[in-house]
Each structure stands twice: as structure tokens, then as C-alpha cells.
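Visitor: Hello! Could you walk me through this structure, one question at a time?

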Amino acid sequence: MEGKPPEKKGVLGKLKDAVEDKEHQIEVLGTFVRLGVVVWSGFIITMNYVELPMIKKAGNSDITFVASVFTGALATFGLTTGNKNGNGKPPTTVDCPMAKKKET
């Protein structure tokens, strides 16, 4: 008896075989999508501050939307981006050299 050679499967096909439950498949796919959004928005934010020699900056760009998408996507993973001390209130004094005013 001659058998057919195994079909080549893509990433989604392998994921479908590895995870049998449909709800679990959707969870895994949702996690990958959220991770993709975090990587994309983090890349856009990083590119706003990094100067590459071959790419000319267009001036000041507003990244408020991208930053809110980044914060929201991180929050879905249970991560927060903020300055809070243990009691949930923002710190009253900042002990950071960059935050201090330059004295002239």
C-alpha cells in the first residue's frame, strides 16, 4: 500500500494540531495578536526617539494614540506603566537627576 506523503502545514495548522480545544486555540491566537500589538506600538514609540542615519525625521510627531494603545495592550497582560509607590499614590518627590531643574 502506498501512503500519501504528509502535507506541509503552516504555523496555524501546527497550532491547530497542538491545541485540540477550540476555546484554547482562540486564547492562544488572541495572545499572539496582543503580543503583536505590543511589539508594533513599542517599535513605533522607539522609532520616535531613535535617529537613524538614513531616515530623516519629520519633526515633532504626536505619539499619544500609539502610547495609549501600548499601555492598553500591556494592561491586558497585567502590566502597568506608571509611577506609583506602594500605597497607590504618585510619589511626592522624584529622586531622579533628569527630573531636577537645571540651575543657571
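Visitor: In what order do the elements of the chain run from the N terminus on?

Guide: Happy to help, and please keep in mind that this is a predicted model. The chain has 3 helices and 0 strands. Read from the N terminus on, the order is therefore α-α-α.

Visitor: What percentage of the residues of the chain count as buried?

Guide: The cut-off for buried is under 20% relative accessible area. The chain has 104 residues, and the share that counts as buried is 12%.

Visitor: Is serine 41 buried or exposed?

Guide: Serine 41 belongs to helix α2, which covers residues 22-49. Its relative accessible area is 0%, and buried means under 20%, so serine 41 is buried.

Visitor: Which residues does serine 41 touch, not counting those up to four places away in sequence?

Guide: Let us begin with a partner that this count leaves aside: the side chain of serine 41 reaches the backbone oxygen of valine 38 at 3.3 Å. Not counting residues up to four places away in sequence, serine 41 touches Val66, Val69 and Phe70.

Visitor: Over the face of which residue does arginine 34 lie?

Guide: A charge sits over a ring if, for Arg, CZ is within 6 Å of the ring centre and within 35 degrees of the ring normal. Arginine 34 is at 4.5 Å from the ring centre, and the residue whose face it lies over is phenylalanine 77.

Visitor: And how many aromatic pairs does the count come to?

Guide: To pair, the ring centres must lie within 6.5 Å. By this rule, the number of aromatic pairs is 0.

Key
Residues are numbered from 1 along each chain as its sequence is written. This is a predicted model: local features need pLDDT of at least 70, side-chain atom pairs count only at pLDDT 80 or more; totals for chains, interfaces and linings use all residues. Side-chain values use heavy atoms; hydrogens and water are left out. Rings of Phe, Tyr and Trp (its six-membered ring) pair if their centres lie within 6.5 Å; planes under 30 degrees apart count as stacked, over 60 as edge-to-face and the rest as tilted. Helices (H or I, at least four residues) and strands (E, at least two) are DSSP runs, numbered from the N terminus. Buried means under 20% relative accessible area, exposed over 50%, partly exposed in between (1.4 Å probe, protein chains only). A polar contact is a pair of N or O atoms within 3.5 Å; within protein, one must be able to donate a hydrogen and the other to accept it, and residues adjacent in sequence count only if both atoms are side-chain atoms. Contact means heavy atoms within 4.5 Å.
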